[in-house]
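Here is a friendly walk through one protein model, meant to be read with the viewer open. Take a look at the sequence and the fold before going on.

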Amino acid sequence: MRMRFLGTTGIQVSELCLGTANFNATGVYEKSGSISQAEANLVVGMALDVGINFFNTSEIYSDGNAETALGKALGTRRKEAIIITKVHPTRSPGPNDGGLSRKHLIEGCNASLKRLNTDYIDLYQLHAFDPHTPLNVTLRAMDDLVREGKVRHIGCSNFAAWQLMKALAISHDNRWERFVSLEAMYSLISRELEFELVPACLDQNVALLVFSPLHGGFLSGKYRRDLPWPKGARFDSLNDPGPWTVEAEKLFTIVDALDSVAAEHGVTVAQAALNYLLRKPAVTSLIIGVRTSRHLEENLKSTDWEMMPEEISRLDAASEPARKYPYYIFDPIKGA
């Protein structure tokens, strides 16, 4: 497993990061499949054995069930792992049982430490922006958690570019810990972050951690033009897939292009889709979710080869997002 540096931390993390949202999943998280503690133990152990040292979870995944399952699965191998967990701004069931206030950050961090059965969190991320709490309040509390040794590094998820840059400026001005990572949705179907977020990450040396690299499974290879809808699929149709919305023609055009590239390398559509992202600027690691050890084995095959520049250009053309002002005037990454 190849390693990449995590922003400015000096820490090396694997190109693939094991997501845990389906560990002992309940409620909405069951839609991607729920795996038991025994299955989680097997998958986590296998991941460590093949060189994956990066694990992603959150306090909101099934009300902390995923954190608990990950902590148990790591067990005595905790020091081999770099753990991401996240604190969420949703305020429920009580008015202060969430949010990015100092109160919830401290209480949330302590609760996550207990569930993970660890005395430190490698990377503590804000799961989303909280419009009700000033960023300076949140960032000061995050800085204190680092100074107390409960957290090693901090990051964010689902931030807009202006929110990321504002947070970095506040941290710089106050000499507080700064974000070293951004966790964001990115795939051949969802490339809009290339307009603002990717250039910001490159400029500020912030590691881009990709979630939903297969766009909710639509780039797994099982959704095909003129073929019946696959049995047991995560979604019933293309009509209501939530944040993974995609037009049918766009999806099948991208899958057709992936098919062509995959055939040239003797890999699957999913492996080609993951390899494409690993070739993109700013990307440090792809967060993958698996239901079985076989799924993990298949994902591993996405990292042991490199897509050619011509093939990347071919996939770029098939998946080009619509450019609105001012992006049809200049390329936000190349500047031309």
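The briefing below goes from the barrel to its strands, then to the helices and a few single residues.

The coordinates come from a predicted model. At its heart is a closed barrel of 8 strands, in the order β3-β4-β5-β6-β7-β8-β9-β10, with parallel pairing. Neighbouring strands of this sheet are turned by 30 degrees against each other on average, ignoring direction.

**Strands of the barrel**

- Strand β10 (residues 283-288) pairs with β9 (residues 207-211) through 3 bridges, and the two run parallel.
- Within that pairing, Leu208 stands opposite Val283 in β10, and Val210 is opposite Leu286 in β10.
- β10 also pairs with strand β3 (residues 16-19), again in the parallel sense and over 3 bridges; here Leu16 has Leu286 as its bridge partner.
- Leu286 of β10 is therefore a handy residue to select in the viewer, being opposite Val210 and the bridge partner of Leu16.
- How enclosed is β10? Of its 6 residues, 6 are buried, so β10 is largely enclosed by the rest of the structure.
- β6 and β7 are joined in the parallel sense by 5 bridges, and Gln125 stands opposite Gly155 in β7.
- β7 is largely enclosed by the rest of the structure too, because 6 of its 7 residues are buried.

**Ser157, a buried polar residue**

- Ser157 belongs to strand β7, which covers residues 151-157.
- Is Ser157 buried or exposed? Its relative accessible area is 0%, which falls under the 20% cut-off, so Ser157 counts as buried.
- Which backbone oxygen does the side chain of Ser157 reach? The partner is the backbone oxygen of Glu183, at 3.1 Å.
- Leaving aside residues up to four places away in sequence, Ser157 touches Lys86, Gln125, Leu126, His127, Ala128, Leu182, Glu183 and Phe211.

**The nonpolar core**

- The largest nonpolar core has 109 residues, and Phe179, Leu208, Leu219 and Leu251 touch the most other members.
- Leu208, one of those four, is in contact with Leu182, Ala184, Tyr186, Leu193, Val198, Ala282, Val283, Thr284 and Ser285, not counting residues up to four places away in sequence.

**Helices around the sheet**

- Helix α5 (residues 161-174) has 14 residues, which at 1.5 Å a residue should span 20 Å; its end C-alpha atoms are 20 Å apart, so the two values agree.
- The buried residues of α5 are Ala161, Gln163, Leu164, Ala167, Leu168, Ile170 and Ser171.
- What do those buried residues of α5 pack against? Their partners are α4, β7, β8 and α6 (197-204).
- Just after α5 comes Arg175, with a positive phi near 55 degrees.
- Helix α2 (residues 65-74) is mostly covered, with 7 of its 10 residues buried.
- Those buried residues of α2 are Ala66, Glu67, Ala69, Leu70, Gly71, Ala73 and Leu74.
- The elements covering the buried residues of α2 include α1 (37-50), β4 (54-56), β5 (82-87) and α3 (102-116).
- α2 is followed by Gly75, which has a positive phi near 50 degrees.

**Two exposed residues**

- Asp63 sits in the loop between β4 and α2.
- With a relative accessible area of 71%, which is over the 50% cut-off, Asp63 counts as exposed.
- How far apart are Asp63 and Gly27? They are 36 residues apart in sequence and 9.5 Å apart in space, C-alpha to C-alpha.
- Pro309 lies in helix α10 (residues 309-319).
- The relative accessible area of Pro309 is 58%, so Pro309 is exposed as well.
- Pro309 and Glu297 are 12 residues apart in sequence, and their C-alpha atoms are 26 Å apart in space.

Definitions and conventions:
Residues are numbered from 1 along each chain as its sequence is written. This is a predicted model: local features need pLDDT of at least 70, side-chain atom pairs count only at pLDDT 80 or more; totals for chains, interfaces and linings use all residues. Side-chain values use heavy atoms; hydrogens and water are left out. Helices (H or I, at least four residues) and strands (E, at least two) are DSSP runs, numbered from the N terminus. Buried means under 20% relative accessible area, exposed over 50%, partly exposed in between (1.4 Å probe, protein chains only). A polar contact is a pair of N or O atoms within 3.5 Å; within protein, one must be able to donate a hydrogen and the other to accept it, and residues adjacent in sequence count only if both atoms are side-chain atoms. Contact means heavy atoms within 4.5 Å. A nonpolar core is a set of buried Ala, Val, Leu, Ile, Met, Phe, Trp, Tyr and Cys residues joined through side-chain atoms within 4.5 Å. Two strands pair if DSSP finds at least two bridges between them. Axes are lines fitted to C-alpha atoms, for helices over the stretch in contact, and angles run from 0 to 180 degrees between N-to-C directions. The expected span of a helix is 1.5 Å times one less than its number of residues.
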